[in-house]
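Here is a quick tour of a protein model, written for someone who likes to know the cut-offs behind each label. Have the viewer open and follow along.

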Amino acid sequence: MTKRILSCMQPTNKLQLGNYLGALVNYVKLQEEGAECLYGVVDLHAITVPQDPQILRQSTRETAAAYIAAGIDPKKSFIFTQSAVPAHAQLAWVLNCLTPMGWLNRMTQFKEKAGKKKDQASLGLYSYPVLMAADILLYQATHVPVGDDQKQHLELTRDIAISFNQHHAKREFFTIPEPFITGEATRVMSLRDGTQKMSKSAESDMTRINLTDDADMIAQKFKKAKTDAGMVPANAAEAQGRAEALNLIGIYAALSDTSKDAVMNEFGGKQFSDLKTALSDLAVAKLSPITSRMNELMDDTAELDKILKVGNDRANELAEPTLNGVMEIMGFWS
Ligand code: TYM
């Protein structure tokens, strides 16, 4: 079977290091393997929490610019915007009607995002993973590169697909997608709290490295990153239970394309300040070309919009047969 890759990011706030190391790096890897790749900017997902329309439109472009700046080549892969492909919302409605609420009640991300204000959270936030399933199944994706936090949503997607195939299509209609979660930084943690995921929506900017941060800001954030009173661990046994240390080691390993073990070999027994300085230099070297390329792309939004138009046309074309198949199976008029 030929590989079909699909993955997406929400255009909310600036992309951060976790988005880059947990997902984007693997988008590029899969593209370079020659697979057919579609990378979406999911603006329909973004409105599950309030958005300013002007800022949303700009953030959608910025996310597309980040894809390209990080190595997605529009000549090899397609970059599309979810709202330009109506089939996402159409398929999501059908899947909403076929997904038991009990399955959604298990989703930890809804619980985290809705927090104590569950009654005020939107219905969209609750059914968000079903729209995500639609994104993936619409393109018959075989592999979905994501960070570790999306694993549960991928499992739900597989359950929805299997159930649809069994009970409605009565044949292998949807491809059952495989998660592609790999590398040394599948879950980058906050720089201030090793138990919390690094996130673009966390309140304090000091918890994350944004792809748009300059060298000084990156250095300052790593300098102030939380560590413990010991030295850098030299091996896995010494690193046990030391979430903040492991996080910095994982980031270093991912940025330098080595393993955590290799980093612990190099820095084990040294002061954390040594690791932090090396980490800042490495992050600046890796991220600054991406930041400047992003800025260039954002200076020419006409070119960016052209790239998105090509991606949107292709996405609509690929989505059509799946949606038509679902319409037929469900007994709709098409
Ligand atoms: P989003 O926009 O929150 O994040 C985009 C991608 O970045 C990964 N990621 C991380 N990886 C490692 N460490 C972190 N701290 C970190 N933070 C974010 C995420 O795992 C994700 O791969 N629901 C998705 C968007 C989505 C989607 C899809 C993804 C909608 N439809 C279809 C794949 C396929 C989300 O909110 O990602």
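## Overall build

Of the protein's 334 residues, 50% count as buried, where buried means under 20% relative accessible area, exposed means over 50%, and partly exposed is in between (1.4 Å probe, protein chains only). Bear in mind that this is a predicted model: local features need pLDDT of at least 70, side-chain atom pairs count only at pLDDT 80 or more, and totals for chains, interfaces and linings use all residues. Residues are numbered from 1 along each chain as its sequence is written, and side-chain values use heavy atoms, with hydrogens and water left out.

The protein has 14 helices and five strands; these are DSSP runs numbered from the N terminus, with helices being H or I of at least four residues and strands being E of at least two. Its radius of gyration is 21 Å, close to the 20 Å that the globule rule gives for 334 residues, so the protein is as compact as a globular protein of that length. That radius is taken over C-alpha atoms, and the rule is 2.2 Å times the number of residues to the power 0.38. The C-alpha trace spans about 65 × 45 × 45 Å along its principal axes.

## Surface and contacts

About 15,900 Å² of the protein is exposed, and carbon and sulfur atoms supply 51% of that area. Areas come from the Shrake-Rupley method with a 1.4 Å probe; for residues, only the protein chains shown count as cover.

Take the contacts (heavy atoms within 4.5 Å) between residues at least 6 apart in sequence: 75% of them join residues at least 24 apart.

## The parallel strands

Start at strand β1 (residues 4-9), where five of the six residues are buried. β1 runs parallel to β2 (residues 36-41), and six bridges join the two; strands count as paired if DSSP finds at least two bridges between them. One bridge partnership puts Ile5 with Cys37 in β2. Helix α1 (residues 17-32) completes a right-handed β-α-β unit with β1 and β2. Right-handed here means that, with the strands pointing away from the viewer, the path from the first strand over the helix to the second runs clockwise.

β2 also pairs with β3 in the parallel sense, over five bridges, and Leu38 stands opposite Phe78 in β3. Strand β3 (residues 77-81) is mostly covered too, with four of its five residues buried.

## Cysteines

How many disulfides does a search of the whole structure find? Zero, with a disulfide taken as a pair of cysteine sulfur atoms within 2.5 Å. Take Cys37: the closest cysteine sulfur, in Cys8, is 12 Å from its own, too far for a bond. Cys37 is buried, at a relative accessible area of 1%.

## Thr322 and two positive phi angles

Thr322 sits in helix α14 (residues 301-330) and is buried, with a relative accessible area of 4%. Leaving out residues up to four places away in sequence, Thr322 touches Leu137, Leu138, Gln140, Phe173 and Phe174. Gln54 is another story: 268 residues separate it from Thr322 in sequence, and 32 Å in space, C-alpha to C-alpha.

Gln140, one of those Thr322 contacts, belongs to the loop between α7 (123-138) and β4 (143-145). Its phi is near 55°, a positive value in a residue other than glycine. Asp257 also has phi near 55°; this residue is in the loop between α11 (243-256) and α12 (260-267). Is Asp257 buried or exposed? Exposed, with a relative accessible area of 62%.
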